[in-house]
Amino acid sequence: MLDPKLFGDDAIPAETRAANAAIVQAMAGAPEWWDVGAQKVRDARARGEGVFPYAPKSERAYWIGIDGKGGNVPLRVLPAEQSRGVYLHIHGGGHVLGAADAQDKLLERIADATRLTAISVEYRLAPENPYPAGPDDCETAALWVNENLREFGGGALTIGGESAGAHLAAVTMLRLRDQHGITPFRAANLVYGIFDLGMTPSARAFGNDERLVLRTIDIQKFGEAFLPGTSDEEKRAPHFSPLHADLRGLCPALFSIGTRDALLDDSLFMHARWVAASNAGELDIYPGAAHAFTAFPTPQTFAYLKKMAAFLNAATD
């Protein structure tokens with residue numbers, strides 16, 4: 001049962017308030033990707049410019065390439081010592097931004113804490129490559145990793161991602177179940193995901209006045225890039241929006257979300273539907289946390305990392 005106190009202002013830690021204020025200040029006046037072009041924003045993020053911290057590269061990481069429907073699909077591999085399986089990671093960025101090598105240090109933490117080799121998918125991005133390019137690449141990666149799992153040191157296969165990455169992780173699980181007849185994942189780590197591309201009430205109500213990472217207009221623009229020419233109602237088709245899919249027969253999942261996230265309802269609703277489909281599901285709520293809060297070094301981020309590692313370990317031991 002949800003605790004109402006988690007959603008009140010009194011529950012928001014001082015460090016989270018300070019982080020949110022710093023984010024809003026840093027994003028004030030920042031260019032919109034749809035005005036300057038997605039690639040320009042991608043390049044700026046890669047240089048560490050903007051609100052998100054610079055993402056240093058891991059000396060442990062290496063790239064491999066696999067054949068996909070649209071050509072080569074690059075995979076970023078972060079080996080774990082005495083690896084016992086794989087954490088298949090799908091990065092966020094609204095299906096438009098982000099990169100597989102933009103969270104090496106996070107994936108190092110996961111590999112070290114769980115002894116799961118982290119493999120991040122460099123899927124094709126919209127608007128240059130709209131649906132189904134990204135989902136196709138993630139499906140290809142999941143099938144390949146499942147078939148070659150033992151090469152990475154064990155038989156435990158898990159999946160996870162943030163924001164659009166959580167959406168793609170859920171889509172991938174459903175594709176493998178429905179199109180290939182397999183449910184190979186032992187756990188899913190779904191972090192502030194968007195699960196209804198037609199937009200939940202919190203996504204619509206968040207508005208555009210406060211630029212706290214993700215606003216209503218951002219969700220709309222990302223959706224237009226990923227599914228051009230598609231109405232909100234059409235975006236709710238189950239193959240687009242996992243919230244509206246048959247969720248039976250899937251693995252345990254951890255849903256993590258902050259209460260100052262426009263996608264709050266997506267995690268609340270998806271967790272409820274996940275459990276109602278007889279799947280094990282946990283809901284981890286962070287008072288006052290914004291969208292993408294795990295990118296910033298706050299106590300809530302470190303609490304999430306601890307919770308996530310414990311969840312993955314419990315599901316794969």
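This passage walks through one helix, some aromatic pairs and one exposed residue of the structure. The model is predicted, and each feature below was computed from it.

A good place to start is helix H3, which spans residues 38-46. Its buried residues are Ala38, Val41, Arg42 and Ala44. Viewed down the axis of H3, these buried residues fall within an arc of 165 degrees, so they line one face of the helix. What does this buried set pack against? The partner is helix H2, made up of residues 33-36. The other side of H3 tells the opposite story, for Lys40 and Ala46 are exposed there. Just after H3 comes Gly48, whose phi is positive, at about 85 degrees.

Attention now turns to the aromatic rings. Across the whole structure, a search finds 11 aromatic pairs. One of them joins Trp33 and Trp34 in an edge-to-face arrangement. The ring centres of Trp33 and Trp34 are 5.8 Å apart, and their planes meet at 85 degrees. Are these two residues buried or exposed? Trp33 has a relative accessibility of 11%, and because buried means under 20%, Trp33 counts as buried. Trp34, with a relative accessible area of 23%, is partly exposed.

Phe255 and Trp274 form another edge-to-face pair, with 5.7 Å from centre to centre and 75 degrees between the planes. Where do these two residues lie? Phe255 is in strand E7, residues 253-260, while Trp274 belongs to helix H10, residues 264-276, so the pair ties together parts that are 19 residues apart in sequence. Both Phe255 and Trp274 are buried. Rings can also be linked in a group: ring pairs connect Tyr192, Tyr286, Phe293 and Tyr304 into a cluster.

The last stop is Asp317, found in the segment after helix H11, which covers residues 299-316. Is Asp317 buried or exposed? Its relative accessible area is 76%, and because exposed means over 50%, Asp317 is classed as exposed. The position of Asp317 can also be compared with that of Ala156. Along the sequence, Asp317 and Ala156 are separated by 161 residues, whereas in space their C-alpha atoms are 8.6 Å apart.

Note on methods: Residues are numbered from 1 along each chain as its sequence is written. This is a predicted model: local features need pLDDT of at least 70, side-chain atom pairs count only at pLDDT 80 or more; totals for chains, interfaces and linings use all residues. Side-chain values use heavy atoms; hydrogens and water are left out. Buried means under 20% relative accessible area, exposed over 50%, partly exposed in between (1.4 Å probe, protein chains only). Helices (H or I, at least four residues) and strands (E, at least two) are DSSP runs, numbered from the N terminus. The arc is that of the directions from the helix axis to the C-beta atoms. Contact means heavy atoms within 4.5 Å. Rings of Phe, Tyr and Trp (its six-membered ring) pair if their centres lie within 6.5 Å; planes under 30 degrees apart count as stacked, over 60 as edge-to-face and the rest as tilted.
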